[in-house]
Amino acid sequence: MDLHETRSRLSADSTLDKPGLRKDILSLIYSYRFTKIKVKGGGREVWIYGGPERDYVIIPESFCSCMDFTIRVVSRGETPYCKHLLGLEVARRLGKYREIEMEVQDVIKVVREVFAKGFSRTLHRILYKY
């Protein structure tokens, strides 16, 4: 499955009509767990899903750092996206996400922390001011 097919299926998907997944996706969205990080002066952006146990780096319509994406999407090709990609798509359409701006070196630090530790202390300090 290529990127174009993933994008078109995300746009046309009726997955939210499936009872169990609908509740799961809506809880992702309405808890404002998605954060759009804009790079100051760069026009670039990175999305982070801040989960209860782990954080994930997301590239809209393309990539999520969660294990479900790695196994079911990339390895097995069972589905074109994980619940985080689907949730992000809906959150973007509804405007249910946080947005912050950071220097490029801080964005790199956040992404490195998520990949190395599964959690970005830097991002959480900014979002929750502790």
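**Exercise 1. Work out how D68 sits in the model and what its side chain pairs with.**

Start with exposure: at 28% relative accessibility, D68 counts as partly exposed, a class that lies between buried (under 20% relative accessible area) and exposed (over 50%), using a 1.4 Å probe and protein chains only. Keep in mind that this is a predicted model, where local features need pLDDT of at least 70, side-chain atom pairs count only at pLDDT 80 or more, and totals for chains, interfaces and linings use all residues. Residues are numbered from 1 along each chain as its sequence is written, and side-chain values use heavy atoms, with hydrogens and water left out.

Next, place the residue: D68 lies in helix α3 (residues 67-75). Helices here are DSSP runs of H or I with at least four residues, strands are E runs of at least two, and both are numbered from the N terminus.

Now the partner. The side chains of D68 and R72 form a salt bridge at 3.4 Å, N to O; the rule asks for a side-chain nitrogen of Lys or Arg within 4 Å of a carboxyl oxygen of Asp or Glu. The two are 4 residues apart in helix α3, so about one helical turn separates them.

Last, widen the view: R76 and E78 also pair up, at 3.5 Å, N to O, and D68, R72, R76 and E78 are linked in a network of salt bridges.

**Exercise 2. Find the salt bridge of E103 and say which parts of the chain it links.**

By the same rule, the count comes to 8 salt bridges. One of them joins the side chains of E103 and K40 (3.9 Å, N to O). E103 is in the loop between β5 and α5, while K40 is in the loop between β1 and β2, 63 residues away, and the pair links distant parts of the chain. As for exposure, E103 is partly exposed at 34%, and K40 is partly exposed at 40%.

**Exercise 3. Check the length of helix α5, then sort out its two sides.**

Length: the expected span is 1.5 Å times one less than the number of residues. For the 14 residues of α5 (104-117) that should give 20 Å, and the end C-alpha atoms are 20 Å apart, which agrees.

Sides: V107, V110, E113 and V114 are the buried residues of α5. Seen down the axis, they fall within an arc of 125 degrees, so they line one face of the helix; the arc is taken from the directions from the helix axis to the C-beta atoms. On the other side, R112 and A116 are exposed.
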